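Please consider the sequence and the three-dimensional structure shown below. The paragraphs that follow lead through selected parts of the chain and then turn to the chain as a whole.

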Amino acid sequence: MCGINGFNWRDENLIKKMNTKIAHRGPDGDGIFLDEDISFGHRRLAIIDLSERAAQPMTSANGRFVIIYNGELYNFKEIKKELSEFNFKSDSDTEVVLYSFIKWGKEALKRFNGIFSFAIWDRDKEELFLARDQFGVKPLYYWHKNGRFIFSSEVKAILEYEGVKKNINIDSLNKYFRFLYVLGPETMWQGIMKLQPGHYATVKDNNLKIESYYNLEEGIYLKESKDDLQKLIKGHVERAVDRQLISDRPVGLFLSGGLDSSIICAAMAKSAKGPVKTFSVGFETEIEREKFNADFNLAKRTAEYFNTDHTPITITAKDVKDNFENCIIAMDEPVSNHIQVATYILAKEAKRQVAVVLGGDGGDETFGGYDRYYYYNFIEKARTFFPLLKNKKFVQYVGGLLGKEDLAKKFSSDFGLDRFWLFMAQKEDVVSRFLNNDLNNDFSVRSAYAGYFGKTVKDKTNQMIRADLKTWLVDESLIRSDKLTMAHGLEQRVPFLDKDLVELAFRIPSKYKLNDRYYGKRCLRNAFADVLPNFVLEEKKHGFFSPAAKWLRADLHEMAYEILSPGYSSKTAELFNWKEINDILNNHIDKKQYGLNTIWSLMTFQVWARNYL
């Protein structure tokens, strides 16, 4: 796992500056390649083949092709067997990616099972090729204007080029305050884009062409018996974990206490030669300590059950205050999530003992773990059995009488974008309070998400799951995992996003995934019932809570008032209604109206703007 930079002209000074900007991603090596029309930079985090033979940029034996690569190819040994005509100089997966491209071209991407973003320069054709993995685990940003193309693993490196202007993308601003992240391919900056998951790009003669090479298709749904399905799931998960343990450096696990990371722990314990190193995070708080440390305490019990080498870490409000800005700088893009500091500190501590960690990201999205999937399905069934619920005016009228307006809107919503919006977006009446009217535009946001619901699949709940896989998972969850771990030179891998496993999960009818609002992922839970302790199997699904809402009323309230003021950033002074923001903050602190998401999103944006605009 590494960091990559490049552009389509020669400039040694600029490529070195870009490498320095992302040095945290690759503390083990620094390399550049210069040609007349290309500059490549690479920061190395050595994981597989620690020798200098695997250093990058890497050139093919004939000197024609040069690669810079960020990622891990879990099936590289199998692919290498098909490349016997090439003389390999290393044992790295980087070289396998390079020669796979030389042999099969873009078709090589369909063979890859891993997490990656890479660039290959063809010196003969003077053509640049870039690609990103199927599910977007590894980031890749680019800027293209007036014949100049520049790319990097992180935006902060692209901003080193003085030709890139730091202007806000107003459409992205609207997306952010409704969903708390920026949906790709756009970013918060005008002109800076994200190469989408499952896509590749070519740059030749200053022309950029982007195409898709992978799309998660519905396929034929499985009809296996319950027992056979459970064996199939268990086998796929264990193989995914086993594949992702490949490393020449120590591997650990972020153990949250939930079902997904506990399953990974069980699979790791099965194949590990010694105790698995596990890491978990909790919160030091005098208020509702049990509530905010439920997962933390469960992780301790799970670690004891599997006899892991466990490191529990506790953070305080002071830790949040001291690291809030560092987290936002590390993230590049504004993503509002109050557990970021916890992840940031957890990664920092884990790096002291391991170079790689596995995490449970993607398990809820692939196997239907969130309660919203249950509600999507429940509402659809209710509307089928009680057609009167399809009468929106009637349902909303009754909801108004009962004081359940939000619930009535959800029950009267059409399946697809409308229902997705009601469950995932922040409330419009709140956004319109603080975002100035001349900037506020929910239509552009709806248009951006509409494409994920254009083609209806047979299993409607699986369609919602796929929408999450392509939106929230990529641009909120996975970007956090990558940026906050790589900020400390720590590689995180995600077994539940193994290509074979995701494709299997998407062919499982949602009725086998859903149970009730508290116990999702039924088929996954049942598949590991024989190896997990009962206290994990019987634990109800709940979110990963932090005491952020409480801390805003105490230790963090001075910081909040400072950040949420028009004088904090000159770049944002004209964007917001500051009186309304002050009222929202006051009402939360005075316990008149809960406002954590709104306050945290504004604080995040303010700190981001001060550092990046």
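**From one helix end to the whole chain**

Directly after helix α3, G105 adopts a positive phi of about 65 degrees. The structure discussed here is a predicted model. Helix α3 itself comprises the 12 residues 93-104, and at 1.5 Å a residue these should span 16 Å; the end C-alpha atoms are 16 Å apart, so expectation and model agree. At the N-terminal end, the helix is capped by S92, a side-chain oxygen of which lies 3.3 Å from the backbone nitrogen of E95.

How many of the 12 residues of α3 are buried? The helix is mostly covered, with 10 of the 12 in that class. These are D93, T94, E95, V96, V97, L98, Y99, S100, F101 and W104. The cover over them includes strands β4 (58-59), β5 (65-73), β6 (114-122) and β7 (127-132), together with helix α2 (76-80).

Strand β5 deserves a closer look through one of its residues, Y69. With a relative accessible area of 1%, Y69 falls under the 20% limit and is therefore buried. Apart from residues up to four places away in sequence, Y69 touches D93, T94 and V97, which are among the buried residues of α3. Other residues that Y69 touches include C2, I4, H42 and Q56, as well as I115, F116, S117 and F118. A polar atom of the Y69 side chain also lies 3.1 Å from the backbone nitrogen of L73. As a gauge of distance across the model, the C-alpha atoms of Y69 and F434 are separated by 42 Å, the two residues being 365 apart along the chain.

A loop residue, N8, comes next. N8 is located between β1 (2-7) and α1 (12-21). Its relative accessible area is 13%, and because this is under 20%, N8 counts as buried. What does the side chain of N8 contact? One polar contact, of 3.2 Å, is made with the side chain of N206. In addition, a polar atom of the N8 side chain lies 2.9 Å from the backbone nitrogen of F149. Neighbours within four places in sequence aside, N8 is in contact with D37, I38, G147, R148, F149, V203 and N206.

A second loop residue, E333, sits between α10 (317-331) and α11 (340-350). Is E333 buried or exposed? Its relative accessibility is 2%, so E333 counts as buried. The side chain of E333 is joined to that of K194 by a polar contact of 3.1 Å. Beyond residues up to four places away in sequence, E333 touches Y141, V182, E186, T187, W189, K194, I479 and W608.

F283 belongs to strand β14 (residues 277-283). A relative accessibility of 2% is the reason why F283 counts as buried. F283 and F545 are 262 residues apart in sequence, and their C-alpha atoms are 9.5 Å apart in space.

Helix α26 offers a further case to set beside α3. The 12 residues of α26 (residues 578-589) should span 16 Å at 1.5 Å a residue, and the end C-alpha atoms are indeed 16 Å apart. The buried residues of this helix are W578, I581, I584, L585, H588 and I589. Viewed down the axis of α26, these buried residues fall within an arc of 130 degrees, so they line one face of the helix. They pack against α17 (428-434), α24 (548-552), α25 (557-563) and α27 (596-612). The N-terminal end of α26 is capped by N577, with a side-chain oxygen 3.2 Å from the backbone nitrogen of K579. Just after the helix, K591 has a positive phi of about 60 degrees.

These local views can now be placed in the complete chain. Its secondary structure amounts to 27 helices and 17 strands. The radius of gyration is 24 Å, close to the 25 Å given by the globule rule for 613 residues, so the chain is as compact as a globular protein of that length. Along its principal axes, the C-alpha trace spans about 75 × 60 × 45 Å. Of the 613 residues, 59% count as buried. Among contacts with a separation of 6 or more, 71% are between residues 24 or more positions apart. The accessible surface comes to about 24,600 Å², of which carbon and sulfur atoms account for 47%.

Note on methods:
Residues are numbered from 1 along each chain as its sequence is written. This is a predicted model: local features need pLDDT of at least 70, side-chain atom pairs count only at pLDDT 80 or more; totals for chains, interfaces and linings use all residues. Side-chain values use heavy atoms; hydrogens and water are left out. Helices (H or I, at least four residues) and strands (E, at least two) are DSSP runs, numbered from the N terminus. The expected span of a helix is 1.5 Å times one less than its number of residues. Buried means under 20% relative accessible area, exposed over 50%, partly exposed in between (1.4 Å probe, protein chains only). The arc is that of the directions from the helix axis to the C-beta atoms. Contact means heavy atoms within 4.5 Å. A polar contact is a pair of N or O atoms within 3.5 Å; within protein, one must be able to donate a hydrogen and the other to accept it, and residues adjacent in sequence count only if both atoms are side-chain atoms. The radius of gyration is taken over C-alpha atoms; the globule rule is 2.2 Å times the number of residues to the power 0.38. Accessible areas come from the Shrake-Rupley method with a 1.4 Å probe; for residues, only the protein chains shown count as cover.
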